[in-house]
Amino acid sequence: LTPIKAAWHPRYNLIVVGRYPDPNFKSCTPYEMRTIDVFDGNSGKMMCQLYDPESSGISSLNEFNPMGDTLASAMGYHILIWSQEEARTRK
């Protein structure tokens, strides 16, 4: 397993990191999902969580493109591409 690494948004103070729910931690809840969490870099507040129900692995690496409108997440042998444009067309 690749060590989990946080990534920063290139334009905004946002931090993205894959969640590894570990039942050994008190804060872990039953059936906690392996999401990709987006945090505000100033306050530490969670802004949103990304989750793909078809991909159940741990997203250990995340990286934004230079414009910051697309995020690539590596999950084992799989790569997930998250984009604002794609999200708009699915609504």
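# Strands, loop and cavity

User: Which residue in S3 stands opposite Leu14?

Analyst: The model is a predicted one. Strand S2 takes in residues 14-18, and five bridges join S2 to S3 in an antiparallel run. Opposite Leu14, in S3, stands Asp40.

User: In what order do the elements of the protein run from the N terminus on?

Analyst: The protein has seven strands and one helix. Read from the N terminus, the order is β-β-β-β-β-β-β-α.

User: In what order do the four strands of the open sheet stand?

Analyst: The pairing in this open sheet is antiparallel. Strand S1 (7-8) and S4 stand at the edges. Each edge strand has a single partner, so one of its sides has no neighbour in the sheet. The order is S1-S2-S3-S4.

User: Is S3 largely enclosed by the rest of the structure or left open, and how many of its five residues are buried?

Analyst: Buried here means under 20% relative accessible area. S3 is largely enclosed by the rest of the structure, because the buried count among its five residues is four.

User: How many bridges join strand S3 to S4?

Analyst: S3 spans residues 36-40 and runs antiparallel to S4. Ile36 faces Leu50 in S4. Asp37 faces Gln49 in S4. The number of bridges is four.

User: Which residue in the turn between S3 and S4 has a positive phi?

Analyst: S3 and S4 make a hairpin, with five residues between the strands. One turn residue has a positive phi of about 80°, and that residue is Gly44.

User: Which residue in the turn of the S5 and S6 hairpin has a positive phi?

Analyst: Four bridges join S5 to S6, and the two run antiparallel. Their hairpin has five residues between the strands. The turn residue with a positive phi, about 85°, is Gly68.

User: By how many degrees are neighbouring strands turned against each other, on average, in the sheet of three strands?

Analyst: The open sheet of three strands has the order S5-S6-S7, with antiparallel pairing. S5 and strand S7 (78-83) are the edges, each with a single partner strand, so each has one side without a neighbour in the sheet. With direction ignored, the average turn between neighbouring strands is 20°.

User: Along S5, which side chains point to one face and are buried?

Analyst: In a regular strand, side chains alternate between the two faces of the sheet. S5 shows such an alternation. Leu61 and Glu63 point to one side and are not buried. The buried pair, on the other face, is Asn62 and Phe64.

User: In S6, which residue is the bridge partner of Glu63?

Analyst: Strand S6 covers residues 70-75, and six bridges join S6 to S7. On the S7 side, Ile81 stands opposite Ala72. Glu63 also bridges into S6, and its partner there is Ala72.

User: Is Ser55 buried or exposed?

Analyst: Ser55 sits in the loop between S4 and S5. Leaving out residues up to four places away in sequence, Ser55 touches Met75 and Leu80. The cut-off for burial is a relative accessible area under 20%. Ser55 has 14%, so Ser55 is buried.

User: Does Ser56 count as buried or exposed?

Analyst: Ser56 lies in the loop between strand S4 (46-50) and strand S5 (61-64). Leaving out residues up to four places away in sequence, Ser56 touches Arg34 and Met75. The cut-off for exposure is over 50%. At 60% relative accessibility, Ser56 therefore counts as exposed.

User: How far apart in space are Ser56 and Met33, C-alpha to C-alpha?

Analyst: The two residues are 23 residues apart in sequence. In space, their C-alpha atoms are separated by 8.2 Å.

User: What is the volume of the largest cavity?

Analyst: Rolling a probe the size of a water molecule over the atoms shows where empty space is left. The structure holds one cavity of 30 Å³ or more. The volume of the largest cavity is about 30 Å³.

User: How many residues in the lining of the largest cavity are nonpolar?

Analyst: The lining residues are Arg34, Ile36, Leu50, Tyr51, Asp52, Ser55, Met75, Leu80 and Trp82. By class, two are charged and one is polar. The nonpolar residues number six.

User: Of the 91 residues of the protein, what percentage count as buried?

Analyst: The cut-off is again under 20% relative accessible area. Across the 91 residues, the buried share is 26%.

Terms used:
Residues are numbered from 1 along each chain as its sequence is written. This is a predicted model: local features need pLDDT of at least 70, side-chain atom pairs count only at pLDDT 80 or more; totals for chains, interfaces and linings use all residues. Side-chain values use heavy atoms; hydrogens and water are left out. On a 1 Å grid over the protein atoms alone, a cavity is a set of points where a 1.4 Å probe fits but cannot get out, and a pocket is an open set with protein on both sides within 12 Å along at least five of seven lines; lining residues have an atom within 4 Å of a point. Grid points are joined across faces, edges and corners, and a volume is the space filled by probe spheres set on the points. Ala, Val, Leu, Ile, Met, Phe, Trp, Tyr, Cys and Pro count as nonpolar, Asp, Glu, Lys and Arg as charged, and the others, Gly among them, as polar. Buried means under 20% relative accessible area, exposed over 50%, partly exposed in between (1.4 Å probe, protein chains only). Contact means heavy atoms within 4.5 Å. Two strands pair if DSSP finds at least two bridges between them. Axes are lines fitted to C-alpha atoms, for helices over the stretch in contact, and angles run from 0 to 180 degrees between N-to-C directions.
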